Structure formats: structure tokens, C-alpha cells
Amino acid sequence: MKRPTPSATPAPKTAYADPLAELLRPGQSIELLKELHILTRDGKLNQDSRRKLKQVFHLCQFIEPLLDEVPGRQDTLMLADHGAGKSYLGFMLYDLFLKDRAGAHIYGIETRDALVEKSRELAARLGFTRMSFLNATVAESITAGTLPARIDIVTALHACNTATDDAIRFALAKQARHIVLVPCCQAEVATVLRKHKNESFGKTPLSEIWRHPIHTREFGSQLTNVLRCLQLESHGYQVTVTELVGWEHSMKNELIIATQTGAPRNNASARLRQILQELNLQELEARFLGPQ
Ligand SMILES: C[S@@+](CC[C@H](N)C(=O)[O-])C[C@H]1O[C@@H](n2cnc3c(N)ncnc32)[C@H](O)[C@@H]1O
């Protein structure tokens, strides 16, 4: 029997043949990845960190084009990362895109003392001299004298609960050109929906949407992001909402990117106010419509 001739073209590599090659970028500091425990000491991918690495890389890809798109600020670039945690995002951005850009500075804002201290030590060890870490809440950082009056890009990756809302306030106060948010769960809107449930039943059949407790939580969470988008649009930002990575990688996967255009969407604040009224959420006006 005649054997089939072997094909001249090699079989395509499977997409996941080498998980390290799939995830790492050229020029990336292996030392940093080891320090962040993304790689083990012997240079293997730490499986527990794989998901985080994928999220952070995806986010870096979304942020990269924004770094060159800050009008009139070619020489300097100020970026603030809120709820920084171990500062994976800040360190990656610095390592991949900003270490050779003399005017760029990254500020990590984080409440947990130990994480701030660790990030400071790591930045010093790696010679990442244009990274600073502030031990403060996002809200406190709005008026912190150690931060510049103007910040070009604001990021918040899974900043807990209302820390994302404070990051929006921060961005508005600092006239940020770009705002990149991957929100965590926010409980405040769901709490107010729950509080006024009975009132809402008598007012609108739409209250069926949040009648069951799980729906209250889920709807509250989605509504929060809708209100955030309207808030940003009312302040002149153009907003896009997409997924960060596939849902199999993270449940908290909504990516909101807002870019200042100087032209507020004219019905955004009216719509926002109407939604708050319709759903008995007027007590949240200060959160989403308050003076900035
Ligand atoms: C889920 S972690 C995310 C950390 C990091 N951004 C990441 O994705 O790896 C949220 C972080 O936000 C911090 N955090 C929570 N509320 C905060 C606030 N109001 N101001 C500043 N940091 C806050 C927590 O201490 C925690 O480290």
C-alpha cells in the first residue's frame, strides 16, 4: 500500500503549545515577572498567575495606543492606577512601554500598607525610578499634594466597590484624557434598589427586573456601569464598553474606556437623572450627578 507523502509544510503549532511564548512579550523583564510571582524562580509559568497575567496583558494592549494619544503632552505622561494592589498593571505598563520614556510617571494608589511598601521596594530594586506609590484611598488621593494637578490617564482594574466611582471623580478632577476601568462588584446601587423595592413595585412593572435577590445584585451591578457611562458622557467623554478577556477567565470582565472629546453628550445627564427617578434611586444623585 502506498504511504501518503509527508506534507512539505510543517503542521501548524497549536495555539497553546508554549504557554510562556503565548503570554510573554519581547523585551519584557523576566526579573519583574519572577518578582510578581508570575514566573517561578526557575522561569516557569506559575499556573495560578496565568489568568491574572492574561487580563493584565489584554489591558496593556488596550492602553498602549492611549499612551501616545495625549494631545500637547508628548514629553510628559502622568498615569494613576487606582486600587493598585500588587501593582501588576503599573509594573507591566512601565516595563513594556514607559521605561525608556523619560517624562512618564506612574502613580499607584492603594490602601494596604504592606502592598504599597512591597511595590516601593520592588520599583527600587528594578530601577523603575518613575514609579511612585501612595498609601491612600482613591478619595483621599484626589486632594493629595504628592500627586500632580493633572493626570493624563487613569486606570482602575478591579478596584473594590465604590473605589471605581472615586476613580471617576479623581479623573474628572485631574482632567484626565483617558479613563480605563474594569469595575469590581459595586454594592451601593443594589442596596438602594433593595431599600425601595416596595415603592418600586407600585410604581413600575420594570421593578420585576430586580425583584429576586440575585437579580437585584446583578441588575444593580449592570445599572451601576450604565450610570457611570452616562456620567462620563455628561462630562464630555466618549465611552466604549467591551469585554476585557473571554468570560471563562473572569466574571468581572467589563472594560470601560472613556476618552475626553470636549463635547458632552447633550442628553446624558438628563437621561441619568430620569433613570435615577424612575428606579427610585434619587439618593444616588450626588454619586453620579454631584458637583465634581
Ligand atoms: C481586587 S484588588 C485589585 C488589585 C489590582 N488592581 C489587580 O487587579 O491586581 C483591589 C485593590 O483595591 C484596594 N482598594 C480597595 N478600596 C480602595 C480604595 N477606596 N482606595 C484605594 N485602594 C482600594 C484593595 O486594597 C485591593 O488591593
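Leu93 is a residue of helix α4, where helices are DSSP runs of H or I with at least four residues, numbered from the N terminus. Keep in mind that the model is predicted: local features need pLDDT of at least 70, side-chain atom pairs count only at pLDDT 80 or more, and totals for chains, interfaces and linings use all residues. Residue numbers start from 1 along each chain as its sequence is written.

Leu93 counts as buried because 25 other C-beta atoms lie within 10 Å; the cut-off for buried is 20 or more, with C-beta atoms placed from the backbone. Glu64 sits 29 residues away from Leu93 in sequence, yet their C-alpha atoms are 8.1 Å apart.

Leu93 also belongs to the best-connected members of the largest nonpolar core, which has 69 residues; Ala80, Val154, Ala167 and Ile179 are the others that touch the most fellow members. Such a core joins buried Ala, Val, Leu, Ile, Met, Phe, Trp, Tyr and Cys residues through C-beta atoms within 7 Å. Helix α4 (residues 88-98) supplies the largest share of this core, eight residues.

Here are the contacts of two core members, leaving aside neighbours within four places in sequence; a contact means C-beta atoms, placed from the backbone, within 7 Å.

| Residue | In contact with |
|---|---|
| Leu93 | Cys60, Ile63, Leu79, Leu98, Ile106 |
| Ala167 | His82, Val138, Val154, Ala156, Ala159, Leu181 |

Now to the ligand: 18 residues surround it, and Gly83, Gly85, Thr137, Cys160 and Ala163 are the closest. To be near, a residue needs its C-beta atom, placed from the backbone, within 6 Å.

Key
Buried ≥ 20, exposed ≤ 12 C-beta atoms within 10 Å, placed from the backbone. Helix = DSSP H or I, 4+ residues; strand = E, 2+ residues; numbered from the N terminus.
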